[in-house]
Amino acid sequence: MVEAFPIAFLFFAGAALLALLPKGALRAGVLLAVPLVALYLIWNLPEGNLFSAQLLNVELELMRVDRLSRIFAIIFCVAAFLANLYALHVKDTVQQVAALAYSGSAIGAVFAGDLIALFLFWEGTAITSVFLIWARRTEGALATGMRYLIIQVSSGVMLLAGTVLIWQETGSFTFEAMNPGSLGTWLLLGSFGIKAAFPLMGNWLSDAYPAATVTGTVILSAFTTKLAIYALARGFPGTELLIYVGAVMTLLPTLYAILENDLRRVLAYSLNIQLGFMVVGVGIGTELSLNGTVAHAFAGILYKALLFMGVGAVLYRTGTAKASELGGLHKTMPLTLIFCAIGAMSIAAFPWLSGFISKSLILSAAAYKGYYIIWGVLLFASAVTLHHSGLKILHNVFFGRDSGLRPKEAPVQMLLAMGMTAALCIALGIFPTMLYDLLPFAVDYAPYTLTHIVTQFQLLFFALLSYVLLVKSGLYPSMTRSVYLDTDWSYRRMAPAVIGYAALMIGRMWTGVTRFALRQLTDVATGLYKTHGPEGRIARVWPTGSMVLWVAVLLAAALLVNFL
Amino acid sequence: MSDQKQTEPASPHVARDGTGQMSHNRADDVAGYPALGRMFTALADPKMAKTLFYTLVVLCAVLFLADFFYHKHTYVSVENIPGFYALYGILMTAGAVLLAKFCGGWVRRPETYYAPNDVDGESYPQDEQDEERHNG
């Protein structure tokens, strides 16, 4: 079949074409057309393994189309389109090419039917995305990008190692559901876990995303982590361990999201929390919960992109995204405020917005299966999300203390992109079947029951009340120009310090030992010189006398032995 | 105003990006602002704050009482406690914020802690932004 070529190649061709075209309208056309054409093609693809290629002796399945891969590919195309629209003013060739190649790699990885193809595209996302961080072109961004790249590539290396071990065991490269048991599957789970920002493995997320450019962060927020969620949903559905891992993911970043000053870092932490919801859904492993994971990834890409776009627009206009420096922007950036508010209400899961219809699938799945503690944790995480991802951002950027900044409203292409994303957030909330029809399993779930709506409003309005009371009473942590140490401190400060200290100590010990040895050797040599040297005591009777005497002694001994 | 002075360390980029110069340009020329912005300005007026706050309190009270007037479909036993979601919402979020405030001091460091290997201490590059302003 001719039209069933790997969709990723369309993006790569587009990226290559970009480099040849002159800057301006033609490039903009390519950036917007490629995701749209891809979306049209993916929408109309039949299911099945549509395209395979030979690499050395391995048959690569490059187009495994089923309901799970199709919905991820669809939302990736939508996200790529919206992010490219948002970034239409960017003239930097590197960023444009990286954006297309990155989204193409992510779509390629989603359609990969075997682990080798998955590995190739997996590394593709790592290598292309780092340019969105380096595009900031500062010393700090270079170092941050390097840390990001090392972690992303090690995830790929683990994937490859796991693939080889699994192949040894089963003789097959096919990427399908498995149970963690052998070393190979654990390596795969670890590799996915790094990209999905599991606890202690995911600090690259809050480290790297705030370091990218305004538009780069919007693009980054959509693909890498959701690709990992896809891989977990495909490879490890129903792995109970993931329920607890996901629950921890929804808790730990919360404190940092409350404290952090850099609002794009706040959003990165809150992205990590949203990933926690999805991981719990994978862990529960029922049809409802897996639907919930996929739906939440779909909705999450949109509202998270919308929030990153809003804060990005503020950064673009004022040069800072720090809560301590901003305030009072409602006067001159009202549209950005409205779009941010829609994003905030979506992520906080207000009824009739996208987060509500996706998050509730996972919460209900947890309650149905009797994971009551997990249910309570998720309920807490979704209430406190309103605080840090919604109210804190809206309050500190648009209201609060007047910073005196009076920036102009965001440029047209940004407003368009934000408007379209916001419209999608609302549309999904009002017409949930639009999303439910695309999910991997048939959905028998009604999000809008009276109980659900009333309880959700109770949860959110009382969370809102607690925010207002905390701010009024001055108990909410104040935003100052600080950083908050997270576990990445262990490899950014502690490990270098330990290694530095060890090197210093080993160096000192080496100097000590060599000096001691040298002194001993010198002593021996001087001692020998004293006794055996030309001036020494032994040298007085040195050559002939003692020689003859010893020869005589030996002769005598030999004779004696012979005689006996 | 004094607040802002405190939060600005003497790092070179602050002077460059012009926030210092911005802050004494406080007489708002509201006419140049977008219409929506003027509407929000009216809403954000300190006089409105009290009204908004009491509206919120009333809304919360109504929502809390709503629990007594309809049949709740529940799956988890704690849901049957009247106003469970309301209490959970206010207590847990407040608890989280206070815990964060309490623990924050241990992990707080100045912005330049990781410099120069981090972007926190840097200013955002000017060629990546487009600072258009109504004032200055």
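In this predicted model, Tyr484(A) faces Arg108(B), a residue in strand 1 of chain B. The pair belongs to a piece of sheet shared by the two chains: strand 5 of chain A and strand 1 of chain B, the latter covering residues 108-110, run antiparallel and are joined by three bridges. Strand 5 of chain A covers residues 482-484 and is also listed among the elements that supply at least two residues each to the side of chain A touching chain B.

The wider contact draws on 76 residues from chain A and 69 residues from chain B. On the side of chain A, helices 6 (139-170), 10 (241-259), 12 (287-318), 13 (334-347), 14 (354-368), 15 (372-398) and 18 (450-472) each bring at least two residues, as does strand 5. Helix 18 of chain A gives the largest share, with 16 residues. Sorted by class, this side of chain A holds 42 nonpolar, 21 polar and 13 charged residues.

A closer look at one residue of helix 6 is helpful here. Ala141(A) sits in that helix of chain A, and it is classed as buried because 24 other C-beta atoms lie within 10 Å, where 20 or more are required. Apart from its neighbours within four places in sequence, Ala141(A) is in contact with Ile133(A), Trp134(A), Arg136(A) and Ala211(A), and also with Val119(B) from the partner chain. Thr213(A) is 72 residues away from Ala141(A) in sequence, yet the C-alpha to C-alpha distance is 9.4 Å.

Chain B itself contains six helices and one strand. Read from the N terminus, its elements follow the order α-α-α-α-α-α-β, so the strand that pairs with chain A is the final element by the numbering from the N terminus. Of its 136 residues, 18% are counted as buried. Among the contacts in chain B between residues at least 6 apart in sequence, 34% link residues at least 24 apart.

Chain A comprises 21 helices and five strands. Its 564 residues are 57% buried, and residues 24 or more positions apart provide 80% of its contacts with a separation of 6 or more. The overall form departs from that of a compact globule: the radius of gyration of chain A is 32 Å, whereas a compact globule of 564 residues would have a value near 24 Å. The C-alpha trace of chain A spans about 120 × 60 × 60 Å along its principal axes.

The chain is divided into four parts, namely domain 1 (1-227), domain 2 (237-487), domain 3 (490-532) and domain 4 (539-564). Between the C-alpha centres of domain 2 and domain 4 of chain A there is a distance of 100 Å.

Turning to the interior, the largest nonpolar core gathers 215 residues, and those with the most contacts inside it are Phe76(A), Ala83(A), Leu232(A), Ala305(A), Leu306(A) and Leu378(A). Helix 12 of chain A supplies the largest share of this core, 20 residues. Both domain 1 and domain 2 of chain A contribute at least three residues each to the core. Leu378(A) shows how the packing looks around one of these residues: beyond its neighbours within four places in sequence, its contacts are Thr250(A), Phe277(A), Val280(A), Ile362(A), Leu363(A) and Ala366(A).

Chain A also has a strand pairing of its own. Strand 2 (residues 52-55) and strand 3 (residues 58-61) of chain A pair in the antiparallel sense through four bridges. Within this pairing, Ser52(A) has Glu61(A) as its bridge partner, and Gln54(A) stands opposite Glu59(A). Two residues lie between the strands of this hairpin, where Leu56(A) adopts a positive phi near 55°.

Finally, Asn44(A) offers a counterpoint to the buried Ala141(A). Asn44(A) is part of helix 2 (residues 25-44) of chain A. With 8 other C-beta atoms within 10 Å, Asn44(A) is exposed, because a residue with 12 or fewer is placed in that class. Phe339(A) is 295 residues from Asn44(A) along the chain, and their C-alpha atoms are 32 Å apart.

Conventions: Residues numbered from 1 in each chain as written. Chains lettered and ligands numbered in written order. Predicted model: local features only at pLDDT ≥ 70, side-chain atom pairs only at ≥ 80, totals over all residues. Contact = placed C-beta atoms within 7 Å. Nonpolar A, V, L, I, M, F, W, Y, C, P; charged D, E, K, R; others polar. Pairing = 2+ DSSP bridges. Rg over C-alpha atoms; globule rule 2.2 N^0.38 Å. Domains from an automatic or database assignment. Core = buried A, V, L, I, M, F, W, Y, C linked by C-beta atoms within 7 Å.
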